Amino acid sequence: METRINRQWRLAARPEGMVGEEHFRWVEEPAPELTADGQLLVRTLYLSCDPTQRGWMARDTYLPAVAIGEVMRSFGVGRVVESRHPRYAAGQLVQAQLGWQDYALLDGDSPGLSAVPEGIEIPIAMSVLGITGLTAYFGLLEIGRPRAGETVVVSAAAGATGSVAGQIARLQGCRTVGIAGGPEKCRWLLDEARFDAAIDYRHEDVAARLAELCPRGIDVYFDNVGGEILDAALARLAFGGRVVVCGAIADYNRSELAPGPRHYLNLLLQRGRMEGFLVLDYLDRAGAAVAELRWWLEGGEIKVRVDIQEGLENAPRTLRRLFTGANLGKQLLKVG
Ligand SMILES: NC(=O)c1ccc[n+]([C@@H]2O[C@H](COP(=O)([O-])OP(=O)(O)OC[C@H]3O[C@@H](n4cnc5c(N)ncnc54)[C@H](OP(=O)(O)O)[C@@H]3O)[C@@H](O)[C@H]2O)c1
């Protein structure tokens, strides 16, 4: 039998600044073989690029850090090549932590492994109907708790999570303001995703534009970015406003902790609330949430953009796109 070659990117160094190819090592070795009942061998088809991978490279977070020399951790979708598990058969599509490699040997009972639902295209299963959509859904609805007529501001609004969060806010009857980098992204927010207003933070004064667009303040700020944009949003918080701490991508490549937001005391003055969440804590309710997201998607209420790069050799470059803002919508890498 022909030997299958497993191409991999392994972590070579912990990044201190911007993540790049120099933090990884390319390795080629024979693909693993099944050695026990319950295992499956999966051929990677698509890898998900997620800002949290920068954290996994650097330190222990909600998951232990990727060890130096270990295959870079990454969520992905693949096809089962061989199976010694009763629930999975060769040819089936599955989603799991596959890592930056062609072949992953998985324990069929591991909690993060599941079949890709029938009838859903892989990029959709990995974006709006996957972890990204669930992050937007639970973050906005459970933490932000928007009410009809309120003003909801979203940062990284043309990104995977932000674009869905803003559109769910519109479906709750809210006025939506998206903040994104560059005119193309802002045009997409207005023309396709139907945000009520867009702010190009690279070319406009965010604080001035928020004052203009949110004269009665911000009721819900869905924050993907942190840094100065968070500060500008805190300064405009409405009475009883909520700040959803989804992420802080502006800080992920900093070598030192970011300075705290200067306007945090507005939480006191406005009786506001700022609360973080981790989507993994809501996965027991994923089924109903995916059903609702799918209903909106199929009804044309939610528009999705997926940005697909190709080739395992481009994995480090593709991850980096998230931090330069090169992606529009969910960043995926097609491997197989
Ligand atoms: N809490 C959770 O459970 C959870 C789960 C998943 C993701 N997240 C968080 O959600 C956020 C979005 O993740 P995603 O996967 O949907 O990625 P994404 O928004 O599709 O991509 C990241 C975007 O962030 C923007 N960005 C990058 N650097 C920036 C900076 N310095 N200042 C302002 N904007 C910057 C870029 O857009 P521009 O061109 O507009 O700058 C880029 O396109 C991240 O913070 C991530 O950590 C949280």
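## Strand β11 and its partners

In β12, V220 has R242 as its bridge partner. This pairing belongs to a predicted model. Strands β11 and β12, the latter covering residues 237-245, pair in the parallel sense over five bridges. On β8 (residues 151-155), the strands again run parallel, and three bridges join β8 to β11. Here the bridge partner of V153 in β11 is Y221.

Strand β11 spans residues 218-223 and is mostly covered, with six of its six residues buried. Together with helix α7 (residues 227-235) and β12, strand β11 makes a β-α-β unit, which is right-handed.

## Two domains and their contact

The protein chain is divided into domain 1 (5-124 + 305-334) and domain 2 (131-280). Between the C-alpha centres of domain 1 and domain 2 the distance is 29 Å. Domain 1 puts 16 residues into the contact, and domain 2 puts in 14 residues. On the side of domain 1 that touches domain 2, α1 (52-58) and β15 (330-334) each supply at least two residues.

## The largest nonpolar core

In soluble globular proteins, nonpolar side chains tend to be buried together. The largest nonpolar core of this model has 90 residues, of which V42, L47, V153, I179, L189, F222 and A233 touch the most other members. Helix α3 (residues 131-144) gives the largest share of this core, six residues. Both domain 1 (5-124 + 305-334) and domain 2 (131-280) give residues to the core, so it lies between them.

V42 is one of the residues that touch the most other core members. Setting aside neighbours within four places in sequence, V42 is in contact with G78, R79, V80, V81, V94, L98, Y103, A104 and L106. V153, also on that list, is the residue of β8 paired with Y221 of β11.

## Helix α3 and the residue after it

Helix α3 is mostly covered, since 11 of its 14 residues are buried. They are I131, T132, G133, L134, T135, A136, Y137, F138, G139, L140 and G144. The cover over these buried residues includes the helices α4 (160-171) and α9 (286-298), along with strands β11, β12 and β15.

Helix α3 is followed by R145, which is found in the loop between α3 and β8. The phi of R145 is near 45°, a positive value in a residue other than glycine. R145 counts as partly exposed because it has 14 C-beta neighbours inside 10 Å, a number between the limits of 12 or fewer for exposed and 20 or more for buried.

## Helix α5: a buried face and an exposed side

Helix α5 runs over residues 183-191, and K185, C186, W188 and L189 are buried in it. Seen down the axis of α5, these buried residues fall within an arc of 160°, so they line one face of the helix. On the other side of α5, the exposed residues are P183, E184 and D191.

The buried residues of α5 pack against two strands, β9 (175-180) and β10 (197-200). L189 of α5 and I179 are both among the residues that touch the most other members of the largest nonpolar core.

## Exposed loop residues

A second residue with positive phi is R271, again a residue other than glycine, with a value near 50°. R271 is placed in the loop between α8 (266-269) and β13 (273-276). R271 counts as exposed because it has 10 C-beta neighbours inside 10 Å, and the limit for exposed is 12 or fewer.

A13 is found in the loop between β1 (5-11) and β2 (24-30). With 12 other C-beta atoms within 10 Å, A13 is exposed. Not counting residues up to four places away in sequence, A13 touches E22 and H23. From A13 to Q97 the separation is 84 residues in sequence and 21 Å in space, C-alpha to C-alpha.

Methods. Residues are numbered from 1 along each chain as its sequence is written. This is a predicted model: local features need pLDDT of at least 70, side-chain atom pairs count only at pLDDT 80 or more; totals for chains, interfaces and linings use all residues. Helices (H or I, at least four residues) and strands (E, at least two) are DSSP runs, numbered from the N terminus. The arc is that of the directions from the helix axis to the C-beta atoms. Two residues are in contact if their C-beta atoms, placed from the backbone, lie within 7 Å. A nonpolar core is a set of buried Ala, Val, Leu, Ile, Met, Phe, Trp, Tyr and Cys residues joined through C-beta atoms within 7 Å. Domain bounds come from an automatic or database domain assignment. Two strands pair if DSSP finds at least two bridges between them. A crossover is right-handed if, with the strands pointing away from the viewer, the path from the first strand over the helix to the second runs clockwise.
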